[in-house]
Amino acid sequence: MNEASPRSKETSLAKEFFLQQLPLIATVFGCGFASAYLQHGFLPGADIAFPLAGVRVPLWHLVWMGVWTGYTMAIVGEAAGIFALPYTMSVLQFANPHVTPTTQLLTFINPVGALFGFFQNRQWNLDFALWVCLGGVIGGLIGPFVRLTLLSDTKPFTFAVGLALLFAGVHLTYAASRGFLKKGPVGGIEAKFRAEAKSRQAAGLSPSGLPGTIAIETVARGGGRLTVSFWGETWTLSQPFLFVTGAGVGVISAALGVGGGFMLVPIFSAIYGLPMYVLVAATIPYVIVLSAVGLFTYGVIMPALIGTSIQPEWAWGFFAAGGGIFGSWCAAKTQRFVPEHFLKLMLGGITGIAGCLYVIDFFFTLPFRL
Amino acid sequence: MDKLRRILPYLPFIVLIAAFAVGVYHVRVYW
């Protein structure tokens, strides 16, 4: 059968959804129900407030939040956390310290599906991921203590979230403007990617652009330097720099409750010129490791060391994550049909404005509640 | 399927508008 026939494409898409995604989503929702009864003894939602969050929110709204943040942000190559966090704080009014580990539960579960996808696609290199992830471990251990001390009050916390949003907004707007301006011929991986997509399309295949046989390989390692290659291009990276960046971004991200990819991606692409296809080999495992260590620190290390724990609203995080997995999957399947640069500009604008409002709110009283 | 594909470029914007509408609904009902 011809791979390009619409019916076979529909069947394979449905098969992938029902065999891979649906069981994962069902498991996460199951964890949501189980954790609600285990943590609180009842199912919070529209009628009964979530005890730690202190707010009433219908469960479908949490799932919807996961879907739309996961979908829109995955289309522009970001994770849901940086959008879900301000939405949770300002619209759902969950802004106490428990919001941080709760959003980290979302950022922990969301990229798992993507990790499997990239592993199958051989966009995977443990040497590259190792040092960034080790930095993430340090960040995940320190960040929660920053949250408990410097950012324990709502105002400084929203100010810090505002700065992070501004950073993400500026990055998205900059990426969009570069995308709009880049009309002429392009070189490197991007040119190869386009040529491959064109030839696949001509052959009647889906224009995914990446031949699945190309792996991210380690060319050399030692003396604090690491050289990786992908599709004929090589990059030499400094291991201490990977580690320090991972740790620095980790402290900020674990203190706020976001994944950290929103900072790591622009830093690595600006300093090393790494393309997105290679970056994900480090950033996706990083977000998972950082979120896992952050959750462990909030729930286990903190109470053991200082007797204070900041537990997540487990059910909240699981329901949002279930929606997030579906949203990110939809994004991965439909990304090539979407005007990416225009969407980046729009999301960058929204994120930047939200960030500005949070920052202004720290210094002046706004005429509305944030 | 073809009809669905025609909607796809607008889907992120439809989703954002829906998110805004749901957010407004939540503010009015639960705040």
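Colleague: What makes up chain B, in helices and strands?

Modeller: Chain B has two helices and zero strands, where helices (H or I, at least four residues) and strands (E, at least two) are DSSP runs, numbered from the N terminus. This is a predicted model, in which local features need pLDDT of at least 70, side-chain atom pairs count only at pLDDT 80 or more, and totals for chains, interfaces and linings use all residues. Residues are numbered from 1 along each chain as its sequence is written, while chains are lettered from A and ligands numbered from 1 in the order in which they are written.

Colleague: How do you know what confidence the predictor has in chain B?

Modeller: From pLDDT, the predictor's confidence in each residue, from 0 to 100. Chain B has a mean of 90, and 97% of its residues reach 70 or more. For the complex, the predictor gives an ipTM of 0.95 and a pTM of 0.89.

Colleague: How many residues does each chain bring to the contact?

Modeller: Chain B brings 15 residues and chain A 17 residues; two residues are in contact if their C-beta atoms, placed from the backbone, lie within 7 Å. Helix H2 (residues 11-30) of chain B gives the most to that chain's side, with ten residues. By class, the side of chain B that touches chain A has twelve nonpolar, two polar and one charged residues. Here Ala, Val, Leu, Ile, Met, Phe, Trp, Tyr, Cys and Pro count as nonpolar, Asp, Glu, Lys and Arg as charged, and the others, Gly among them, as polar.

Colleague: Over to chain A. Why is Gln93(A) called partly exposed?

Modeller: Count the neighbours. A residue is buried if 20 or more other C-beta atoms lie within 10 Å of its own, exposed if 12 or fewer, and partly exposed in between, with C-beta atoms placed from the backbone. Gln93(A) has 18 C-beta neighbours inside 10 Å, so it counts as partly exposed. Gln93(A) sits in the loop between H3 and H4 of chain A, and its phi is near 60 degrees, a positive value in a residue other than glycine.

Colleague: And what makes Trp231(A) partly exposed?

Modeller: Trp231(A) has 17 other C-beta atoms within 10 Å, so it is partly exposed. Its place is in the loop between E2 and strand E3 (233-238) of chain A, and its phi is near 55 degrees, again positive in a residue other than glycine.

Colleague: Why do you say strand E1 (residues 217-222) of chain A lies largely in the open?

Modeller: Of its six residues, the number buried is zero, so E1(A) lies largely in the open.

Colleague: How do you know which strand E1(A) joins?

Modeller: Two strands pair if DSSP finds at least two bridges between them. Five bridges join E1(A) to strand E2 (residues 225-230) of chain A, and the two run antiparallel. Thr218(A) stands opposite Val228(A) in E2(A). The hairpin has two residues between the strands, and Gly223(A) takes a positive phi near 60 degrees.

Colleague: How do you know that the span of helix H4 (residues 99-120) of chain A agrees with its residues?

Modeller: The expected span is 1.5 Å times one less than the number of residues. For the 22 residues of H4(A) that should be 32 Å, and the end C-alpha atoms are 33 Å apart, which agrees.

Colleague: Where is the kink in H4(A)?

Modeller: The kink is centred on Val112(A), at about 30 degrees; the bend at a residue is the angle between axes fitted to the seven residues ending there and the seven starting there. Just after H4(A), Arg122(A) takes a positive phi of about 65 degrees.
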